[in-house]
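Student: I have a model open on my screen and I'd like to learn how to read it. Could you walk me through it?

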Amino acid sequence: MKVTVKSWTGVALWKWIANDDNCGICRMAFEACCPDCSFAGDDCPLVWGHCSHVFHMHCICKWLNSQLNQQLCPMCRQTWRFNDR
Amino acid sequence: MSLRPQRIVFDDVWGCLRQTVEKVLKLNSVRRDDWNSSFTDVYSICVAFPDPLADRLYSETKLFLENHVKSQLDEFNCYMNDMNDSESGENQLLHKYYSAWKNYSQGLEYLNYLYLYLNQQHIKKQKVSEAEILYGNGTTPLTISQEQMEIGELGLDIWRLLMIQNLGDILVKQILQGIERDRVDNCLTSKDIATIHGVIHSFVMVQDYKKKGNLQLYESLFEGKMLEASGNYFTSQASKLLQNCSVSQYMQEVIRILEEENVRAHKFFHISSIQKLKKECEDRMITDHKNFLYSECKEMVSNDKRDDLRNLYVLLKPIVDGLKELIQILLEQIKNEGAESIMNLKGENIHIQFVENMLQVHQKYENLIVETFKNDPLFLSALDKACASVINSKLSDGKTTCRSAELVAKYCDNLLKKSKSTECEIETKLSKSITIFKYIEDKDVYQKFYSRMLAKRLIHDQSVNMELEEVMINKLKQACGYEFTNKLHRMYTDIGISMDLNNKFNQHLKNVNDELSINLAIKVLQAGAWPLGPQTNITFAVPQEFEQPIRKFEAFYNTSFSGRKLSWLHHLCAGELKVSLAKKSYLITMQTYQMAMLLLFENCDTMICKEVREVLQLNNDNFQKHLQSLVDQKLLLIDTEKIEDSSVLSLNLEFTNKRTKFKITASMQKESPQQEIEQTITQVDEDRKLYLQAAIVRIMKARKVLKHNALIQEILSQSKVCFAPSIPMIKKCIESLIDKQYIERTANSSDEYSYVA
């Protein structure tokens with residue numbers, strides 16, 4: 001018998017690669033959005049720091065903007081640097 | 001002439017003036033010169049030297065007016081004595097009075113001009129200002145009447161005191177007779193009408209100058225008696241009608257009488273009486289016989305007698321609480337009819353029958369309300385109440401929970417899946433389903449079912465039209481807010497994004513001059529938005545035919561997005577296989593696991609079950625389920641009844657099917673629908689508990705301390721959009737929050753909670 005695959009529809013689920021389930025700032029799940037957004041996913045992305053901590057982009061930006069002198073990670077107090085991978 | 005104050009002889013000047021006054025009052029012609037000189041006379045008296053004689057002029061004028069009116073009254077008295085017993089004279093008195101009044105009031109108006117100086121200079125000074133009367137800190141009306149009035153007002157007052165006080169009762173009696181005649185045989189001439197109208201209004205006009213209580217005479221002398229007489233007339237009329245009319249005829253008659261009375265009121269009375277007369281008529285003819293009107297209510301509603309109902313509405317609308325009973329009857333009727341229409345539904349299409357039957361009932365009564373009850377909000381809310389109660393009622397056997405939410409969701413699914421109707425038709429049907437949806441209390445149940453069905457449609461490409469999917473989501477959003485459709489919307493956008501992604505991926509392949517061995521379409525879903533149930537990680541060895549394309553796609557995906565991990569949901573994947581057998585080749589659509597199984601038989605014709613399972617690394621449940629469907633299709637043959645590890649599978653080389661293109665579906669639907677429904681219900685229950693707990697924490701955080709009942713009320717009002725929680729469930733949630741130390745009972749009161757920060 002000859003069998004050939006003509007077409008295939010694959011279904012995949014994507015998740016953020018994060019070391020935690022929730023954002024340390026707003027305590028919302030990473031799968032959901034930050035409190036200011038209404039749609040999760042592309043509209044409310046995550047960002048990673050060099051210190052390995054992950055936050056909603058909106059949350060960490062708000063935090064950094066509120067800091068006058070130093071830009072520290074709210075979790076580990078190291079200087080915050082974005083990890084662009 | 002000079003304007004300087006002069007010494008005058010009052011009697012001389014008054015003697016002259018008096019002649020003019022008499023002429024004016026009798027409406028005889030007055031020469032211009034006389035008028036002018038009289039005008040000057042008034043002035044010179046008022047400014048006379050050494051003492052102004054205005055007061056004397058005033059009292060002389062008053063006396064003159066009184067005598068004038070008295071003489072006219074005497075005339076009337078004589079006339080009445082003459083006419084004492086004769087019938088024909090009746091109306092004549094009214095006519096006579098009316099023409100006397102017309103002349104007198106006209107003459108008085110002119111006279112008022114003549115005395116302009118006196119009015120303005122002498123009398124205005126004494127008058128209490130308007131503001132003082134309005135705000136009540138001025139002198140009481142009693143003292144005003146003792147003061148001097150403007151001549152016009154004085155004349156009216158004299159007319160009232162002398163003429164109307166004496167003649168009033170007899171005038172009123174005759175007016176009422178006139179009106180009675182108008183009611184009974186409608187034979188008044190236009191002159192009669194003008195007279196009656198004029199006489200009635202003379203009662204108003206003699207006090208018209210007053211700022212306050214200008215209708216006092218009219219009301220006490222005339223209106224009360226008129227209403228009483230009218231009331232008697234209405235009562236007798238009503239009882240006459242009741243004796244030989246049906247409800248329907250009676251209503252028609254009453255409406256006619258009401259209209260006539262309205263015309264009559266405008267014809268004769270002061271506007272202030274129109275409402276009162278209407279009220280009297282309603283009281284006597286409707287309120288007094290309310291029960292008679294209600295007696296056939298039920299029948300009218302059930303037999304859809306629209307004309308009668310319309311009349312009934314018109315009549316009962318102005319009566320306090322008049323419509324209550326009618327509304328109640330209508331509500332019961334809708335309830336019964338609705339319940340009947342969705343009772344004992346059987347067969348495959350319960351969901352269609354349910355929605356469409358219910359819509360029919362709703363439509364029918366909505367139509368009735370628009371047409372006969374003028375879209376009265378009271379009736380519309382009764383319709384809503386009735387529909388909600390029918391739709392949310394538990395089915396008669398008491399065990400099963402209400403299935404409405406599920407049925408409506410299924411109805412929508414059905415429309416969006418495979419309807420043959422045109423786009424336009426589907427959209428109207430969807431809109432109508434929203435009408436029913438709005439009545440559902442358990443909207444969250446609907447949401448669960450709808451999102452599951454939507455997920456299936458989207459993943460398996462079953463939607464008729466993506467635009468319609470969006471339209472429907474927007475409709476739901478309009479009805480329930482964006483929170484409700486958030487996930488649905490995210491699912492919808494995921495599919496759009498995936499389509500883009502596929503295009504980009506294909507473009508990318510072209511750019512790098514690569515080609516895939518299979519035709520690939522990928523759907524990438526975001527976790528959290530899709531109702532996919534718990535993610536049990538099913539181990540599965542992906543056949544090598546897929547492995548390479550998948551890896552390429554993953555690589556592409558990772559360059560497009562960072563920080564994301566893809567996991568494949570093979571149980572949701574499907575594809576098309578071309579199977580070439582000896583005689584014919586077939587295009588078969590099937591599930592990934594089944595594809596994998598068939599691919600194993602490419603190079604050999606028989607295999608042992610255990611072998612297959614180990615190669616695929618599938619767990620037993622999935623393996624059995626999917627293999628069974630291939631066996632059922634007779635693509636594979638098995639040598640035992642049941643699938644066992646040692647069973648031998650062989651390829652059916654003699655396989656034939658009439659179609660060359662078909663689909664193997666069984667395995668997807670293996671999960672029994674009942675099981676699925678139960679699962680959904682338990683999920684909904686879990687979600688509700690979370691929702692309630694969140695609501696309680698929110699409320700308590702805002703209020704700090706709250707009584708039990710107040711808290712329950714708040715929760716009920718907050719959750720209304722989504723579902724109607726049961727009190728025991730709320731209590732359980734409160735308990736669990738106390739256990740988790742979010743809130744605590746306050747020390748001094750047993751039914752009060754406080755928020756623990």
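Tutor: Let's go through the contact between the chains, the strands, the cores, the cysteines and a few loops. Keep in mind that this is a predicted model.

Student: Fine. How many residues does each chain bring to the contact between A and B?

Tutor: Chain A puts in 25 residues and chain B puts in 52 residues. Together they bury about 3,700 Å², and 59% of that area comes from carbon and sulfur atoms.

Student: Which three residues of chain A supply the most of the area it buries against chain B?

Tutor: A:Met1, A:Trp8 and A:Leu13, which give 27% of chain A's share. Follow A:Trp8 for a moment, as it turns up again. A:Trp8 sits opposite B:Leu520 of strand β1 in chain B.

Student: In which sense do the two strands there pair, parallel or antiparallel?

Tutor: Parallel: β1 of chain A, residues 2–16, pairs with β1 of chain B over eight bridges. The chain B strand covers residues 519–526, and six of its eight residues are buried.

Student: What else does A:Trp8 touch?

Tutor: One of its contacts is B:Thr592. That threonine belongs to helix α25 of chain B, residues 592–600, and is buried at 0% relative accessibility. B:Thr592 also touches B:Phe540, B:Phe546, B:His570, B:Cys573 and B:Ala574, leaving aside residues up to four places away in sequence. Its C-alpha lies 9.3 Å from that of B:Glu576, 16 residues away along the chain.

Student: Now a small sheet. What distinguishes the two faces of strand β7 in chain B?

Tutor: One face is covered and the other is not. In this strand, residues 648–651, B:Leu649 and B:Leu651 are on the covered face, while B:Val648 and B:Ser650 are on the uncovered one.

Student: Which strands pair with β7 of chain B?

Tutor: Strand β5 (606–608) is joined to β7 by three antiparallel bridges, with B:Ile608 opposite B:Val648. Strand β6 (636–638) also pairs with β7 in the antiparallel sense, over three bridges. There, B:Leu637 has B:Ser650 as its bridge partner.

Student: How should I think about a nonpolar core?

Tutor: In soluble globular proteins, nonpolar side chains tend to be buried together. In this model, the largest core has 238 residues, and B:Tyr97, B:Phe203, B:Phe222 and B:Tyr446 have the most contacts inside it. Helix α8 of chain B, residues 151–185, contributes the largest share, 14 residues. A separate second core has 19 residues, including B:Ile696 and B:Leu706.

Student: What does B:Tyr446 touch?

Tutor: Leaving out residues up to four places away in sequence, its contacts include B:Ala405, B:Val408, B:Cys412, B:Phe437, B:Met472 and B:Phe484.

Student: How many disulfides are there over all chains?

Tutor: A disulfide is a covalent bond between the sulfur atoms of two cysteines. Here the count is zero over all chains. A:Cys26 is in no disulfide, and the nearest cysteine sulfur, in A:Cys59, is 3.8 Å away, while the cut-off is within 2.5 Å. A:Cys26 is buried, at 17% relative accessibility.

Student: Why is B:Cys722 not bonded to B:Cys480?

Tutor: Because the sulfur of B:Cys480, the closest to that of B:Cys722, is 7.2 Å away, too far for a bond. B:Cys722 is buried as well, at 17% relative accessibility.

Student: And how do I read phi?

Tutor: Most residues other than glycine have a negative phi. In this model, B:Leu27 has a positive phi near 60 degrees. This leucine lies in the loop between α1 (10–25) and α2 (32–46) of chain B and is partly exposed, at 36% relative accessibility.

Student: Where is B:Gln617 found?

Tutor: In the loop between α26 (609–616) and α27 (620–632) of chain B. Its phi is positive too, at about 55 degrees, and B:Gln617 is partly exposed at 47% relative accessibility.

Student: Last one: what does UniProt list for residues 34–77 of chain A?

Tutor: An unreviewed UniProt entry lists "domain: RING-type" there. In the model, that span is 23% helix and 14% strand, with its end C-alpha atoms 22 Å apart.

Conventions
Residues are numbered from 1 along each chain as its sequence is written. Chains are lettered from A and ligands numbered from 1 in the order in which they are written. This is a predicted model: local features need pLDDT of at least 70, side-chain atom pairs count only at pLDDT 80 or more; totals for chains, interfaces and linings use all residues. Side-chain values use heavy atoms; hydrogens and water are left out. Buried means under 20% relative accessible area, exposed over 50%, partly exposed in between (1.4 Å probe, protein chains only). Helices (H or I, at least four residues) and strands (E, at least two) are DSSP runs, numbered from the N terminus. Two strands pair if DSSP finds at least two bridges between them. A nonpolar core is a set of buried Ala, Val, Leu, Ile, Met, Phe, Trp, Tyr and Cys residues joined through side-chain atoms within 4.5 Å. Contact means heavy atoms within 4.5 Å. UniProt positions are given in the numbering used here, feature names are shortened, and annotations may be inferred rather than shown by experiment. Buried area is the accessible area (1.4 Å probe) that two parts lose on being put together, summed over both.
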